[in-house]
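Dear colleague,

Please find below the structure that I am handing over to you, together with its sequence. My findings follow directly after it.

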Amino acid sequence: MNEDRRPPHIDVPYLLHAAELLPGDPQVDDYGILFAAVARMYARPMGRDVYGSPHLQAGALLVTLVRLPCLEHSNDRFAWHACEAFLTLNGYRLDYRPKDAVALVREAASGAVDVAQVARLLHTWTVK
């Protein structure tokens, strides 16, 4: 096994493609938020990961996208699907009730939960 192999990363073009797949193909109102969301997930000040696990990275992505809307509509749906897609790309499958995902996104949007709390819940939904 190659120890230099890095887990799959998402980038802004990936997020743009994901947005195109949403019903109504919403236009991007603020590209800077997409770049900020990706940068936040992979932040490494002084050589240390800020978000050291895929679940924390997914939580950071969800919280950023839902609190800083960047599309003309469907921002909640976009944030959830981007979060779930990131985990899927990294080999994690989630098992959850849709109403629980809706509640999580709403709580993240309102600030009732933070990145670590989102990550913990995502971890409990993981069936890898």
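N75 counts as buried, because its relative accessibility is 12% and the cut-off for buried is under 20%. Please note that this is a predicted model. N75 belongs to helix 4, and it is in contact with P69 and C70, leaving aside its neighbours within four places in sequence.

G52 presents the opposite case: at 59% relative accessibility it counts as exposed, because the cut-off for that class is over 50%. This glycine lies in the loop between helix 2 and helix 3. Between G52 and A103 there are 25 Å in space, C-alpha to C-alpha, and the two are 51 residues apart in sequence.

On one side of that loop is helix 2. At its N-terminal end, D30 acts as the cap, with a side-chain oxygen 2.9 Å from the backbone nitrogen of G32. The buried residues of helix 2 are I33, L34, A37, V38 and M41. Because they cover an arc of only 135 degrees around the axis, they are on the same side of helix 2. An α-helix has 3.6 residues a turn, so residues three or four places apart point the same way. The buried residues of helix 2 pack against helix 1, helix 3 and helix 4.

On the other side of the loop is helix 3, which comprises residues 54-67. From its first C-alpha to its last, helix 3 reaches 20 Å, close to the 20 Å expected for its 14 residues at 1.5 Å a residue. How much of helix 3 is buried? The count is 12 of the 14 residues, so helix 3 is largely enclosed by the rest of the structure. Among the buried residues are P54, H55, Q57 and T64, as well as L61, L62 and L65. What covers the buried residues of helix 3 includes helix 1 (12-20), helix 2 (31-41), helix 4 (75-89), helix 5 (98-110) and helix 6 (115-125).

The largest nonpolar core has 40 residues, and those with the most contacts inside it are L61, L62, L65, F78, W80 and L122. Helix 1, helix 2, helix 3, helix 4, helix 5 and helix 6 each supply at least two residues of this core. Not counting residues up to four places away in sequence, L62 touches A79, W80, C83, L104, V105, A108 and V118.

Yours sincerely

Key:
Residues are numbered from 1 along each chain as its sequence is written. This is a predicted model: local features need pLDDT of at least 70, side-chain atom pairs count only at pLDDT 80 or more; totals for chains, interfaces and linings use all residues. Side-chain values use heavy atoms; hydrogens and water are left out. Helices (H or I, at least four residues) and strands (E, at least two) are DSSP runs, numbered from the N terminus. The expected span of a helix is 1.5 Å times one less than its number of residues. Buried means under 20% relative accessible area, exposed over 50%, partly exposed in between (1.4 Å probe, protein chains only). Contact means heavy atoms within 4.5 Å. A nonpolar core is a set of buried Ala, Val, Leu, Ile, Met, Phe, Trp, Tyr and Cys residues joined through side-chain atoms within 4.5 Å. The arc is that of the directions from the helix axis to the C-beta atoms. A polar contact is a pair of N or O atoms within 3.5 Å; within protein, one must be able to donate a hydrogen and the other to accept it, and residues adjacent in sequence count only if both atoms are side-chain atoms.
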